[in-house]
Amino acid sequence: MKQVTIYTDGACSGNPGPGGWGAILRYGAQEKELSGGEHETTNNRMELLGVISALQALKEPCEVALYSDSQYICQAINDHWLDGWKKAGWKRKTGELKNTDLWQTLDDLLHIHQVTFHWVKGHADNPYNNRCDALAVAQRDKHK
């Protein structure tokens, strides 16, 4: 199984407001940058779309080390919140689960790829996270 490293980030001006996401996929010496955005969205949607878009870009099942500065996403996976939401009919203990459509898509992708989520501090010393942030901000600014 191919081993791929992915970095992702999302950005939003206002919440909701214009937003963007960025991703970098690394396989051996190859790197691919992806980005996109929306006119009216939220930061969490952009963070999720970065992860989803990167995983959807993989052409075959892969072993993925995924780095994100979104504690929300990393904790949802690593602390098994996603499993609980799914068992509860895509609801949280406190009620509505936002972005259910994206969480369901991500859940499907996690059954294709073996993904390990790693949290990285945003706006710090990780050049790949910083590049993803720049991609996300550029897309956000295009959608203002």
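A residue counts as buried when its relative accessible area is under 20%, as exposed when that value is over 50%, and as partly exposed in between. By that criterion W90 is buried, because its relative accessible area is 16%. The model discussed here is a predicted one.

W90 is also of interest for its backbone. Its phi is near 60 degrees, a positive value in a residue other than glycine. The residue is placed in the loop between α3 and β5, the latter spanning 91–92. A second residue with this feature is H123, whose phi is positive at about 55 degrees although H123 is not a glycine. H123 belongs to the loop that runs between β7 (114–119) and α5 (127–142). With a relative accessibility of 62%, H123 counts as exposed, because the value is over 50%. The loops contain a further backbone feature: the peptide bond leading from N15 to P16 is cis, and its omega is near 20 degrees. P16 is located in the loop between β1 (2–12) and β2 (17–27).

The aromatic side chains come next. The structure holds six aromatic pairs. One of them is formed by Y72 and W85, with 6.4 Å from centre to centre and 45 degrees between the planes, and this pair is tilted. The two partners come from distant parts of the chain: Y72 sits in helix α2 (residues 71–78) and W85 in helix α3 (residues 81–87), 13 residues apart. Their accessibility can be read against the limits given at the start. Y72 has a relative accessibility of 23% and therefore counts as partly exposed, whereas W85, at 8%, counts as buried.

W85 takes part in a further pair, with W103. The ring centres of W85 and W103 are 5.1 Å apart and their planes stand at 65 degrees; because planes over 60 degrees apart count as edge-to-face, this pair falls in that class. W85 lies in helix α3 and W103 in helix α4 (residues 100–110), so the pair ties together parts that are 18 residues apart in sequence. Both W85 and W103 are buried. One aromatic cluster is made up of Y72, W81, W85 and W103.

Helix α4 can now be followed to its helical partners. Two packed helices are described by the angle between their axes and the distance between the axes. For α1 (residues 43–56) and α4, the packing angle is about 30 degrees and the axes are 10 Å apart. Angles under 35 degrees count as roughly parallel, which means that α1 is roughly parallel to α4. The crossing of these two helices, α1 and α4, is left-handed. On the α1 side the contact is made by R45, L48, L49, V51, I52, L55 and Q56, which meet D101, L102, W103, T105, L106 and L109 of α4. Sorted by class, the contact of α1 with α4 comprises nine nonpolar, two polar and two charged residues.

How do α2 and α4 pack, in terms of angle and axis distance? Their angle is about 55 degrees, and their axes are 13 Å apart. The helices α2 and α4 are therefore oblique to each other. The crossing of α2 and α4 is right-handed. In this contact Y72, I73, A76 and I77 of α2 meet W103, L106 and L110 of α4. By class, the contact of α2 with α4 has seven nonpolar residues, with no polar and no charged ones. Y72 and W103 thus appear in this helix contact as well as in the aromatic cluster.

Two threonines in strands complete the account. T8 is found in strand β1. Its relative accessible area is 0%, so T8 is buried. Leaving aside residues up to four places away in sequence, T8 touches G22, A23, G50, V51, A54, L66, Y67, S68, D69, N129 and C132. Among these, V51 is also one of the α1 residues that meet α4. T41 lies in strand β3 (residues 30–41). At 3% relative accessibility, T41 counts as buried, because that value is under 20%. With the same sequence neighbours left out, T41 touches C12, N15, P16, G17, P18, G19 and M46. Its contacts therefore include both N15 and P16, the residues joined by the cis peptide bond.

Conventions: Residues are numbered from 1 along each chain as its sequence is written. This is a predicted model: local features need pLDDT of at least 70, side-chain atom pairs count only at pLDDT 80 or more; totals for chains, interfaces and linings use all residues. Side-chain values use heavy atoms; hydrogens and water are left out. Rings of Phe, Tyr and Trp (its six-membered ring) pair if their centres lie within 6.5 Å; planes under 30 degrees apart count as stacked, over 60 as edge-to-face and the rest as tilted. Helices (H or I, at least four residues) and strands (E, at least two) are DSSP runs, numbered from the N terminus. Buried means under 20% relative accessible area, exposed over 50%, partly exposed in between (1.4 Å probe, protein chains only). Axes are lines fitted to C-alpha atoms, for helices over the stretch in contact, and angles run from 0 to 180 degrees between N-to-C directions. Angles under 35 degrees count as roughly parallel, over 145 as roughly antiparallel, 65 to 115 as roughly perpendicular and the rest as oblique. A crossing is left-handed if the near helix is turned anticlockwise from the far one by less than a right angle, and right-handed if clockwise. Contact means heavy atoms within 4.5 Å. Ala, Val, Leu, Ile, Met, Phe, Trp, Tyr, Cys and Pro count as nonpolar, Asp, Glu, Lys and Arg as charged, and the others, Gly among them, as polar.
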